[in-house]
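The exercises below concern contacts between side chains, and each task is followed by a solution that goes step by step. Please look over the sequence and the structure before starting.

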Amino acid sequence: MTFPPTMNPVVEPLSWMLGTWLSDPPGAGTFPTLQPFRYLEEVYISHVGQPVLNFSFNAFHPDTHKPMHRECGFIRLKPDTNKVAFVSAQNTGIVEVEEGEVNGQELCITSHSVARISFAKEPHVEQVSPHRSPLTGALATVTGLRLFCPAQITRKFRLNSDGKLEQTVSMATTTQPMTQHLHVTYKKVTP
């Protein structure tokens, strides 16, 4: 018989993020170069007893349910501080390290470094501001997939008064100024 691991006390300040979350309602995306769009998303945030949380974000087209953006990684807290690191690998060929702070039930992080495969599509993102959704790299519209390759990203996660997890992202590309790009609210479906 296997028992669930005991949570490492270092990540206790992030325990409000744990669980399986589903977008409710669908997430909304916009950007000056895109038609507004919607997406569904499943989020899994867990731990295995180490001083990190594991996460995966899986986005789907709201009508066809075809897979869109995928992202997975780890969230670390610097012991005895509110300093957080978010390490992410995406199916678009982007790898990010973001750093920031957790304050209560809100996590704000900004890109520290971003790497991308050599053949990523332009325009490349220059900055992303205090909001985020997991679709930062790949954006789906009804007509197909477009890639935006970040050079900097800032995300905001918060647990709202209804117990739902919210995530928003804003970004700037080499051709567009800073703009809110995505917003999604999730309901918890498993602890």
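A salt bridge is counted here when a side-chain nitrogen of Lys or Arg lies within 4 Å of a carboxyl oxygen of Asp or Glu. The model is predicted, and by this rule it holds seven salt bridges.

**Exercise 1.** Determine which residues are linked with Arg 155 in a network of salt bridges, and work out which strands its salt bridges with Glu 71 and Glu 98 tie together.

*Solution.* Begin with Glu 71, whose salt bridge with Arg 155 has its closest N and O atoms 2.8 Å apart. Because Glu 71 lies in strand E5 (residues 67-77) and Arg 155 in strand E13 (residues 154-159), this pair ties together parts that are 84 residues apart in sequence. Next, take the salt bridge between Arg 155 and Glu 98, where the closest N and O atoms are 2.6 Å apart. Glu 98 belongs to strand E7 (residues 94-102), so its pairing with Arg 155 joins parts separated by 57 residues in sequence. As to burial, both Glu 71 and Arg 155 are buried, and Glu 98 is buried as well. Finally, assemble the network: Glu 71, Glu 96, Glu 98 and Arg 155 are linked by salt bridges.

**Exercise 2.** Find the side-chain partner of Gln 90 in a polar contact that involves Glu 96, and decide whether Gln 90 is buried or exposed.

*Solution.* Locate Gln 90 in strand E6. Its side chain and that of Glu 96 are joined by a polar contact of 2.3 Å. With a relative accessible area of 8%, Gln 90 is buried, because buried means under 20%.

**Exercise 3.** Classify the ring pair of Phe 55 and Phe 86 from its geometry, and place both residues in their strands.

*Solution.* A pair of aromatic rings is described by the distance of the centres and the angle of the planes. For Phe 55 and Phe 86 the centres are 4.5 Å apart and the planes meet at 15°, so the pair is stacked, since planes under 30 degrees apart count as stacked. The pair links distant parts of the chain, with Phe 55 in strand E4 (residues 52-60) and Phe 86 in strand E6 (residues 83-90), 31 residues apart. Phe 55 is buried at 4% relative accessibility, and Phe 86 is buried at 0%. To finish, place the pair in its surroundings: ring pairs link Phe 55, Phe 57, Phe 86 and Phe 157 into a cluster.

Note on methods. Residues are numbered from 1 along each chain as its sequence is written. This is a predicted model: local features need pLDDT of at least 70, side-chain atom pairs count only at pLDDT 80 or more; totals for chains, interfaces and linings use all residues. Side-chain values use heavy atoms; hydrogens and water are left out. Rings of Phe, Tyr and Trp (its six-membered ring) pair if their centres lie within 6.5 Å; planes under 30 degrees apart count as stacked, over 60 as edge-to-face and the rest as tilted. Helices (H or I, at least four residues) and strands (E, at least two) are DSSP runs, numbered from the N terminus. Buried means under 20% relative accessible area, exposed over 50%, partly exposed in between (1.4 Å probe, protein chains only). A polar contact is a pair of N or O atoms within 3.5 Å; within protein, one must be able to donate a hydrogen and the other to accept it, and residues adjacent in sequence count only if both atoms are side-chain atoms.
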